[in-house]
Amino acid sequence: MSKTENKNSRFSLITNFIYRNDKIILTAHETPDGDAIGSEIALFHVLVKLGKEVRIINADPSGLRYKFLDTDGNIELLDDINTLPEHLSNWGLVILDTNDTENIGLVSKEILPFVRDFFILDHHEGGGNIVTANHIESEASSTCELLYELFTEMKVDICFDSAQALFTGIVYDTGSFIYPKTTAKTFKIAEKLVQLGVQPNKVYSHVYESNSISSLMLQSKVLATLEFHFNQHVAVQQMTKSMIIACDANYDEADTLINTPLKSHDILVSIFLKENLEGILRCSLRSKGNIDVAVIAQEYGGGGHKTAAGFKSKLPLEEIKEKVLKKLEVYF
Ligand SMILES: [Mn+2]
C-alpha cells in the first residue's frame with residue numbers, strides 16, 4: 001500500500017484523512033443501529049491493523065443484539081467525560097452513518113469541537129448544514145457497503161470480525177437485502193464477506209432472534225395503538241415513555257414495528273411516533289411508492305432517505321402527529 005496521497009481515487013478524501021491522523025476516534029449517530037455499530041467495528045479493526053491508535057466513543061449504548069460484534073468491548077459510552085483521551089487536539093474524528101453533526105448526541109459537544117480534524121462517511125440524503133469534509137454516497141445501501149469498497153480501494157485485508165460487522169450493517173440497512181437501495185453490488189459484497197467466513201444465519205439470529213420477553217410486551221402495546229388515516233393508506237403507531245417503563249423494555253426494542261403496516265397492500269406510509277425515557281419525541285417515517293418522506297423529515301430538522309426518514313421534536317406527540325398528517329394531505 002502506498003502512503004502517497006492519491007487525489008484522483010474515489011475514496012481519496014477519507015484515505016488521506018486516515019493517513020494524516022495517527023489517533024482516530026470513531027463515532028456514529030445516536031441510538032446506534034446495525035449499520036452504525038457495524039461501521040465502527042469494521043473500521044476499528046482495519047485502522048488498528050494500519051497501526052493507528054483508535055477509540056470508538058458513542059453517545060448512546062449499543063443494543064444487546066449487537067454485542068456479538070464487540071466481544072472485546074471496544075465501544076465506549078460517552079457518559080463520563082473523564083474517560084476521554086487527554087489531548088483531543090491530537091485526535092481526528094470520523095463520524096459514521098450520519099451527515100448531521102447534531103445527530104451524534106453528546107459527542108457533538110464533548111469531542112467534536114476539540115479534535116484537530118473530522119470527517120463524515122455516510123449514505124444518507126443531506127439535511128441542512130453539510131460540512132465539506134465528507135464522503136457521502138446516498139445511492140449506497142449502507143455505510144458498511146461504502147466501507148467495504150473503501151477497504152478494497154485501500155487494498156487492506158478484512159479480518160473476520162471486520163467482515164462480520166460489515167455484513168451485519170448491510171443486512172440491517174437493506175432489511176435483509178430487500179430495500180430499494182439493494183443492488184447486484186450489495187449481493188457481490190455480501191458474497192465476498194461470506195467467503196471470509198461470515199455465517200448469515202448466525203448474524204440473523206443475533207440481530208433478529210434475540211428479543212427479550214419485555215420487548216415482545218412492548219411491541220404488543222405499540223401495535224395496539226395502530227390507527228389508519230387517508231382511507232387506510234397511512235398507518236400511525238405510537239410508543240410512550242410510560243409503555244417502555246411498564247414493560248421494563250428498552251427504547252429501541254419496538255423499532256422494527258414501523259415496517260409492519262407496510263406489509264398491507266393498502267398502506268403507503270407508516271408513521272411511528274416514539275418517546276424516549278427523557279420524554280423526547282422521535283418521529284420515524286417509512287413509505288413505498290413515490291411519497292418522499294425525507295422532505296417531511298427535513299422540514300423538522302431531520303433527514304434520511306426517500307422511503308425511510310425521521311426527525312426529533314420537543315413538541316407533544318399529538319401535535320407532531322397532526323402536523324405530519326397535514327403534510328401528507330397533498331398525496332391523498
Ligand atoms: Mn446506515
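This report covers the domain layout, one helix pair and two residues with positive phi in a predicted model.

The protein chain falls into two parts, domain 1 (12-207) and domain 2 (213-331). Taken over C-alpha atoms, the centres of domain 1 and domain 2 are 26 Å apart. Eight residues from domain 1 and ten residues from domain 2 make up the contact. On the side of domain 1 that touches domain 2, one residue is nonpolar, five are polar and two are charged.

Helix α2 (residues 34-49) packs with helix α4 (residues 143-154): their axes come within 9 Å and cross at roughly 20°. Angles under 35 degrees count as roughly parallel, and α2 and α4 are therefore roughly parallel to each other. The crossing of α2 past α4 is left-handed. From α2, the residues Asp35, Gly38, Ser39, Ala42, Leu43 and Val46 take part, and they meet Thr143, Cys144, Leu147 and Phe151 of α4. The contact of α2 with α4 comprises six nonpolar, three polar and one charged residues.

Two residues that are not glycine have a positive phi, as tabulated here.

| Residue | Phi | Loop |
|---|---|---|
| Glutamine 232 | near 65° | between β7 (227-229) and β8 (234-239) |
| Aspartate 248 | about 55° | between α9 (241-247) and β9 (269-275) |

Are these residues, glutamine 232 and aspartate 248, buried or exposed? A residue counts as exposed if 12 or fewer other C-beta atoms lie within 10 Å of its own. Glutamine 232 has 12 such atoms within 10 Å and is therefore exposed. Aspartate 248 also has 12 other C-beta atoms within 10 Å, so aspartate 248 is exposed.

Technical notes:
Residues numbered from 1 in each chain as written. Predicted model: local features only at pLDDT ≥ 70, side-chain atom pairs only at ≥ 80, totals over all residues. Domains from an automatic or database assignment. Contact = placed C-beta atoms within 7 Å. Nonpolar A, V, L, I, M, F, W, Y, C, P; charged D, E, K, R; others polar. Axes fitted to C-alpha atoms, helices over the stretch in contact; angles between N-to-C directions. Helix = DSSP H or I, 4+ residues; strand = E, 2+ residues; numbered from the N terminus. Parallel < 35°, antiparallel > 145°, perpendicular 65-115°, else oblique. Left-handed = near helix turned anticlockwise from the far one by under 90°. Buried ≥ 20, exposed ≤ 12 C-beta atoms within 10 Å, placed from the backbone.
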